[in-house]
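Q: Please take a close look at the packed interior of this protein. I should like a connected account that begins with the nonpolar core and then follows the helix contacts and individual residues around it.

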Amino acid sequence: MTSAAANKTVRELIRVTSEYFAGKGIDSAKLNAERLLADVLGVSRIELFMQFDRPVLGSELAAYRVVVKRRAAGEPLQQILGETEFYSRTFKVAPGVFIPRPETEHLVEAAVELLTPGDSGLVAPIAVEIGCGTGIICASLAAELPRLTIHATDVNPAAVELAGRNAHTLGVEARVKLHLGSRFDPLPKQLKGQVDLLVSNPPYIRHDDIAGLPEDVKGHDPHTALDGGPDGLVFYRALAAGMGNWLRPGGHVAVEIGDDQGPDVQAILEASGAQDVRIIQDYTKRDRVVTAQVPQ
């Protein structure tokens with residue numbers, strides 16, 4: 001943002017910043033400008049729209065220019081704000097922990113459907129999440145399903161700590177059991193054969209593709225949360241290999257995928273004995289989620 005933006009009203013600042021962000025190739029440039037300005041002024045976006053003629057001066061303008069420069073340099077909006085909206089709830093985010101994306105809401109929707117069939121066998125369902133990150137999946141599921149207990153693992157200590165904070169904020173920490181460690185390793189052994197749902201948004205970017213990702217992804221998300229190995233499928237194979245040990249007969253698995261990985265993930269799950277494999281598309285008609293069931 002240039003010095004020409006000094007002594008501007010809210011309306012003018014949004015216009016100038018939107019043009020600046022668009023020139024930097026930032027998607028949703030106007031939304032980014034509005035969110036940042038609302039945060040600096042301590043108001044909601046709705047309140048911001050009601051104050052279009054308010055002048056932004058002094059320390060407020062200085063603070064706004066700082067966050068605009070951070071965003072223009074590729075720092076994610078969520079990280080600057082320290083939070084993100086997901087499934088109609090607010091979650092804290094932090095440097096060093098994978099930043100949630102809106103498309104993961106499709107995974108939560110699919111998981112909720114799998115855990116709420118019209119039978120009485122799931123009065124107190126148990127789920128396992130591999131790779132909890134900020135806790136958006138495990139905490140959202142616990143909030144949506146009041147009788148659910150979910151065990152979630154992550155190899156990143158910062159992720160486990162942040163997921164605990166988010167679960168506490170939502171008031172579901174008693175039913176979200178967090179475990180530090182790799183994949184299935186830290187789970188309580190008594191869960192074997194008892195789990196109703198295995199859910200995961202695993203790393204699925206091909207290793208050689210990471211360098212070509214946008215700066216706000218490759219420069220700020222931990223690469224351990226992105227790197228799915230040479231073909232992007234390493235973690236799906238690990239999940240498929242372990243699901244039979246942990247899921248009860250008839251239990252389900254739900255995973256997020258890259259938009260070109262549906263057939264490959266389907267084949268991996270079927271080769272491990274899964275049935276009723278379904279590929280679910282997002283609102284842009286791209287493959288986004290795969291669900292499956294282990295035999296009864």
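A: A nonpolar core is here a set of buried Ala, Val, Leu, Ile, Met, Phe, Trp, Tyr and Cys residues whose side-chain atoms join them within 4.5 Å. The structure examined is a predicted model. By that definition, its largest nonpolar core contains 30 residues, and Leu-141, Ile-150 and Leu-197 have the most contacts inside it. Two or more residues each come from helix H6 (105-114), helix H7 (136-144), strand E6 (149-154), helix H8 (157-170) and strand E8 (195-200). In soluble globular proteins, nonpolar side chains tend to be buried together.

Ile-150 shows what surrounds one of these highly connected positions. Apart from residues up to four places away in sequence, Ile-150 touches Ala-127, Val-128, Glu-129, Cys-138, Leu-141, Arg-175, Val-176, Lys-177 and Val-199. A second, separate core has 26 residues, with Leu-191, Leu-233, Ala-240 and Leu-269 among them.

Two of the helices that contribute to the largest core also pack against each other. The axes of H6 and H7 lie 10 Å apart and make an angle of about 40 degrees. The two helices are therefore oblique to each other, and their crossing is right-handed. On the H6 side the contact involves Leu-107, Val-108, Ala-111 and Val-112, which meet Ile-137, Ser-140, Leu-141 and Glu-144 of H7. By class, the residues of this contact are six nonpolar, one polar and one charged. Leu-141 thus appears both in this helix pair and among the residues with the most contacts inside the largest core.

A further helix pair involves residues of the second core. Helix H10 (residues 234-246) packs on helix H11 (residues 262-271) at an angle of about 25 degrees, their axes being 9 Å apart. Because angles under 35 degrees count as roughly parallel, H10 is roughly parallel to H11. This crossing, too, is right-handed. Tyr-236, Arg-237, Ala-240 and Met-243 of H10 make the contact with Val-265, Ile-268 and Leu-269 of H11. These residues divide into six nonpolar, no polar and one charged. Ala-240 and Leu-269 belong to the second core as well.

Helix H5 (residues 77-81) offers a view of burial residue by residue, beginning with Leu-77. Leu-77 counts as buried because its relative accessibility is 10%. Beyond its sequence neighbours up to four places away, Leu-77 touches Asn-32, Arg-35, Leu-36 and Arg-71. Its C-alpha atom is separated by 13 Å from that of Phe-91, 14 residues apart along the chain. Gln-79 is also in H5, and at 13% relative accessibility this residue is likewise buried. With neighbours within four places set aside, Gln-79 is in contact with Arg-70, Val-93, Pro-95, Ile-99 and His-220.

Two loop residues complete the account through their backbone geometry. Most residues other than glycine have a negative phi. Ser-28, although not a glycine, has a positive phi of about 50 degrees. Ser-28 is in the loop between helix H1 (10-23) and helix H2 (29-41) and is partly exposed, with a relative accessible area of 47%. Arg-183 likewise has a positive phi, near 50 degrees. Arg-183 is found in the loop between strand E7 (176-180) and E8, where it is partly exposed at a relative accessible area of 32%.

Technical notes: Residues numbered from 1 in each chain as written. Predicted model: local features only at pLDDT ≥ 70, side-chain atom pairs only at ≥ 80, totals over all residues. Heavy atoms only, no water. Buried < 20%, exposed > 50% of the residue type's maximum accessible area, 1.4 Å probe, protein only. Helix = DSSP H or I, 4+ residues; strand = E, 2+ residues; numbered from the N terminus. Contact = heavy atoms within 4.5 Å. Axes fitted to C-alpha atoms, helices over the stretch in contact; angles between N-to-C directions. Parallel < 35°, antiparallel > 145°, perpendicular 65-115°, else oblique. Left-handed = near helix turned anticlockwise from the far one by under 90°. Nonpolar A, V, L, I, M, F, W, Y, C, P; charged D, E, K, R; others polar.
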